[in-house]
Amino acid sequence: MRFRHILKRTAQLLLLLLVVAVVWQAWLYVEDASYDGDRSVYLQMQAPEAITLRWDSKEPYVGVVHYGGQAGQLEQKAVEASAVTEHELRLEGLRPDTRYWYSVGSDQQVQHGGSDSDWFVTAPEVGSERPVRFWVQGDPGNALPTTLAGRDAMRAWIDKHPRQGLPYLDLWFTTGDNAYRYGRNIEYQRNLFDVYPKLLSNIPYWPVYGNHDARRWAFFDIFTFPTKGESGGVPSGSEHFFSFDYGRVHFVILDSHATDRSRDGKMMQWLKTDLAATHQPWLVTLFHHPPYSKGSHDSDEPGDSSDRLIEMRENFLPVLEKAGVDLVLSGHSH
């Protein structure tokens, strides 16, 4: 009798733990639905003649971007079609490689911007020769002291190496895992938007999709990617993989986590077409899972990360090498 009582109590405890786990996961998903607060401006899908500005507000309103070629003279504007809290406006008809100042908000008030330091620079014309400076963060999704030290070291280096007539940075990339631990909207706020507000308002942000980003759906709600070739390259039809041009550099972003990594998959077929179509002298590719690593992940170990590292090495690396890709950047293995 005592043994049966123990089994019954154990089964009840396991059932309770299961219910708690389900409720916890459900709460995480509900909480991740949106960010209920103000979110400062961040720049997306930069192109020679266009750029996208995004920001969030607590209350819905019809968003307005005022912009112009001189600080304090924001004579042009773009207006949203309806009142929302997640604002997104694409400015078009811009001049290549040109600095614009801006503010965002409603017709009644400015929510962000309007100062001398609120600006963006459009991409140079494809094929134009000029120096390109970009910053790459490896799996930056925790605002740890070491992460912040890396940010501050970058700023210190930039201060010591100013560029006459050019922005302090042209582009900003990550190698994935942009919000630990669950890729929730609030985690992006804590570990990205609260930590880099000034950088986000000046420099286009191109994050790679990592396995921690994939634990929730916030990543593709927060960020806007060029699926139709809006920033150059062959249209991919997918936010998971795409390309864009900046001057004489062709950048390719791949999804090594959630997209088919086979030799005959959609991403591979697009990649071959895109690399064959570009005439850029510099080719750079970014994705999350490294083809070679002996860090916290072993690229020779079957089953590590469900064989993603091996598949990226065996299936994709030969294609990148054949196309003459100059640089491959990845993360995941700390």
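## A buried threonine

Thr-175 is buried in this predicted model. Its relative accessible area is 3%. Buried means under 20%, so Thr-175 qualifies.

Where does Thr-175 lie? Thr-175 sits in the loop between β8 (171-174) and α3 (185-193). Leaving aside neighbours within four places in sequence, Thr-175 is in contact with ten-odd partners listed by name here: Val-136, Gln-137, Gly-138, Asp-139, Val-208, Phe-287, His-288, Leu-329, Ser-330 and Gly-331.

## A buried aspartate

Asp-56 belongs to strand β2 (residues 50-68). Is Asp-56 buried or exposed? Asp-56 is buried, with a relative accessible area of 4%.

Residues up to four places away in sequence are not counted in what follows. Asp-56 touches Tyr-35, Gly-37, Asp-38 and Arg-39. Asp-56 also touches Thr-85, Glu-86, His-87 and Gln-111. Glu-129 is 73 residues from Asp-56 in sequence. In space, the two are 36 Å apart, C-alpha to C-alpha.

## A sheet of four strands

Strands of a sheet pair through backbone hydrogen bonds, either parallel or antiparallel. One open sheet here has 4 strands, in the order β10-β11-β12-β13. Its pairing is mixed. The edge strands are β10 (242-246) and β13 (327-329), and each pairs on one side only. Neighbouring strands of this sheet are turned by 20° against each other on average, direction ignored.

## Strands β10 and β11

How many bridges join β10 to β11? There are 5, and the two strands run antiparallel. Strand β11 covers residues 249-253. Phe-244 has Phe-251 in β11 as its bridge partner.

Helix α6 (residues 266-277) lies across β10 and β11. Helix α6 runs at about 180° to β11.

Note on methods:
Residues are numbered from 1 along each chain as its sequence is written. This is a predicted model: local features need pLDDT of at least 70, side-chain atom pairs count only at pLDDT 80 or more; totals for chains, interfaces and linings use all residues. Side-chain values use heavy atoms; hydrogens and water are left out. Two strands pair if DSSP finds at least two bridges between them. Axes are lines fitted to C-alpha atoms, for helices over the stretch in contact, and angles run from 0 to 180 degrees between N-to-C directions. Contact means heavy atoms within 4.5 Å. Buried means under 20% relative accessible area, exposed over 50%, partly exposed in between (1.4 Å probe, protein chains only).
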